[in-house]
Amino acid sequence: MAREAGATDAEIAEIVACTSLMNTNNVFYRFRHFMKKEFYDNQPAGIKMSIMASPVLGKEFFELVSLVVSSINGCEMCVSSHERSVLQHGSEEARVMEGVKLGAVLKGLIAVLA
């Protein structure tokens, strides 16, 4: 359906990669946040994140997708970080709210269909 709506293969691949990366990061950073131990906080993530360097869809949109996935996954540290980044890249809080609401609706739909 994305292709039918005009999305390119590169754009679709980027969204898939972003979703995968955020799911990985959310587990790691949520663990750190829950544990609140200096040892874990000082360990490098070691998770390759080169996809974030120059996103096809632009940094603001990439960060917005990252925020929505992190919101769905309940990673407070990632949500805070990506919300700040989305705003720093020129977006507004209303766009953040709409993105998170869309993510919530999609998550609810997936739960019903699964």
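The largest nonpolar core of this predicted model has seven residues: Cys18, Leu21, Met22, Met52, Phe62, Val65 and Val69. At least two residues of this core come from helix 1, and at least two from helix 3. The description below starts with these two helices and then moves to helix 5, the loop before it, and the cysteines.

Helix 1 covers residues 9-35. It has 27 residues, and the distance from its first C-alpha to its last is 39 Å, close to the 39 Å expected at 1.5 Å a residue. Its buried residues are Glu14, Cys18, Leu21, Met22, Asn25, Asn26, Tyr29 and Arg32. The general geometry of an α-helix bears on such a spacing: there are 3.6 residues a turn, so residues three or four places apart point the same way. The buried residues of helix 1 pack against helix 2 (38-41), helix 3 and helix 4. After helix 1 comes Lys36, which has a positive phi, near 50°.

Two residues of helix 1 can be followed outward to their partners. Met22, a member of the core, touches Met52, Ser66, Val69, Ser70, Asn73 and His82 when residues up to four places away in sequence are not counted. Among these partners, Met52 and Val69 also belong to the core, while Ser66 and Ser70 are buried residues of helix 3. Ile15 also lies in helix 1. Ile15 has a relative accessible area of 30%, which means that this residue is partly exposed. Leaving aside neighbours within four places in sequence, Ile15 is in contact with Leu57, Phe61 and Val65. Of these, Phe61 is 46 residues from Ile15 along the chain, and the two C-alpha atoms are separated by 10.0 Å. Val65 is one of the core residues.

Helix 3 spans residues 59-73. Its 15 residues should span 21 Å at 1.5 Å a residue, and its end C-alpha atoms are 21 Å apart, which agrees. The buried residues here are Glu60, Phe62, Glu63, Leu64, Val65, Ser66, Leu67, Val68, Val69 and Ser70. What covers them includes helix 1, helix 4 and helix 5. Gly74 follows helix 3 and has a positive phi, near 70°.

Helix 5 takes in residues 93-113. For its 21 residues, 1.5 Å a residue gives a span of 30 Å, and the end C-alpha atoms are 30 Å apart, in agreement. Val96, Gly99 and Gly103 are buried in helix 5. They cover an arc of only 65° around the axis, so they are on the same side of helix 5. The face turned away from this buried side carries the exposed residues Ala94, Leu102, Val105 and Val112. The cover over the buried residues of helix 5 includes helix 3 and helix 4 (76-88).

The loop between helix 4 and helix 5 contains Ser91. With a relative accessible area of 12%, Ser91 is buried, because the cut-off for buried is under 20%. Not counting residues up to four places away in sequence, Ser91 touches Glu60 and Val86. The side chains of Ser91 and Glu60 are joined by a polar contact of 3.0 Å, and Glu60 is itself among the buried residues of helix 3. By contrast with that contact, the C-alpha atoms of Ser91 and Gly6, 85 residues apart along the chain, are separated by 23 Å.

The cysteines remain. How many disulfides does a search of the whole structure find? The search finds zero. The sulfur of Cys18 is 11 Å from the closest cysteine sulfur, in Cys78, and is therefore too far for a bond. Cys78 is in no disulfide either, and its nearest cysteine sulfur, that of Cys75, is 3.2 Å away. That distance does not qualify because a disulfide requires cysteine sulfur atoms within 2.5 Å. Both Cys18 and Cys78 are buried: Cys18 has a relative accessible area of 1%, and Cys78 has one of 7%. Cys18 also brings the account back to its starting point, as one of the residues of the largest nonpolar core.

How values were computed. Residues numbered from 1 in each chain as written. Predicted model: local features only at pLDDT ≥ 70, side-chain atom pairs only at ≥ 80, totals over all residues. Heavy atoms only, no water. Helix = DSSP H or I, 4+ residues; strand = E, 2+ residues; numbered from the N terminus. Expected span 1.5 Å × (residues − 1). Buried < 20%, exposed > 50% of the residue type's maximum accessible area, 1.4 Å probe, protein only. Arc of directions from axis to C-beta. Contact = heavy atoms within 4.5 Å. Polar contact = N/O pair within 3.5 Å; in protein donor to acceptor, adjacent residues only side chain to side chain. Core = buried A, V, L, I, M, F, W, Y, C linked by side-chain atoms within 4.5 Å.
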